[in-house]
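User: Please take a close look at one part of this model, namely how its helices pack against one another. I would like one connected explanation suited to a first-year student.

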Amino acid sequence: MDPLQQHQTNLLDALEAVSRFGWLTRDQITRILWPESTPVTREKLGQRLLGKAQEKGLLLRRVIDGGGSDYVLQWADGH
């Protein structure tokens with residue numbers, strides 16, 4: 001699988017996981033996608049993937065009361 005195909009597969013897997021659970025933190029998403037990877041690797045891959053998903057308007061990052069953040073699916077019209 002070439003890198004673009006792998007990225008698309010990872011993105012779809014992340015969106016499916018967020019859809020299934022309603023919301024997930026970055027750590028939860030990266031543990032689902034890359035369970036065997038080191039925390040450093042998961043962090044790097046997660047930042048890249050979730051950044052692209054936000055740029056494309058697919059995921060919305062929300063700030064959690066008390067600190068931290070989670071990700072939810074973005075409405076098609078951007079709300």
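Analyst: The following account treats the packing of helix 2 with its two partners and then the nonpolar core.

The model is a predicted one. Two packed helices are described by the angle between their axes and the distance between the axes. Helix 1 spans residues 3-21 and helix 2 spans residues 26-33; their axes come within 10 Å and cross at roughly 125°. Angles over 115 and up to 145 degrees count as oblique, so helix 1 is oblique to helix 2. The crossing of helix 1 past helix 2 is right-handed. On the side of helix 1, the residues in contact are Asn10, Asp13, Ala14, Ala17, Val18 and Phe21, and they meet Ile29, Ile32 and Leu33 of helix 2. Sorted by class, this contact has 7 nonpolar, 1 polar and 1 charged residues.

Helix 2 also packs with helix 3, residues 39-55, at an angle of about 105° and with the axes 9 Å apart. Helix 2 is therefore roughly perpendicular to helix 3. Here helix 2 contributes Arg26, Ile29, Thr30, Arg31 and Leu33, while helix 3 contributes Arg42, Glu43, Gly46, Gln47, Leu49 and Leu50. By class, the contact of helix 2 with helix 3 has 4 nonpolar, 3 polar and 4 charged residues.

The largest nonpolar core has 14 residues, and those with the most contacts inside it are Ile29, Leu33, Leu49 and Leu59. Helix 1, helix 2 and helix 3 are the elements that give two or more residues to this core, and helix 1 supplies the largest share, 5 residues. Leu33 offers a detailed example: leaving aside residues up to four places away in sequence, Leu33 touches Asn10, Asp13, Ala14 and Leu49.

Methods. Residues numbered from 1 in each chain as written. Predicted model: local features only at pLDDT ≥ 70, side-chain atom pairs only at ≥ 80, totals over all residues. Heavy atoms only, no water. Axes fitted to C-alpha atoms, helices over the stretch in contact; angles between N-to-C directions. Helix = DSSP H or I, 4+ residues; strand = E, 2+ residues; numbered from the N terminus. Parallel < 35°, antiparallel > 145°, perpendicular 65-115°, else oblique. Left-handed = near helix turned anticlockwise from the far one by under 90°. Contact = heavy atoms within 4.5 Å. Nonpolar A, V, L, I, M, F, W, Y, C, P; charged D, E, K, R; others polar. Core = buried A, V, L, I, M, F, W, Y, C linked by side-chain atoms within 4.5 Å. Buried < 20%, exposed > 50% of the residue type's maximum accessible area, 1.4 Å probe, protein only.
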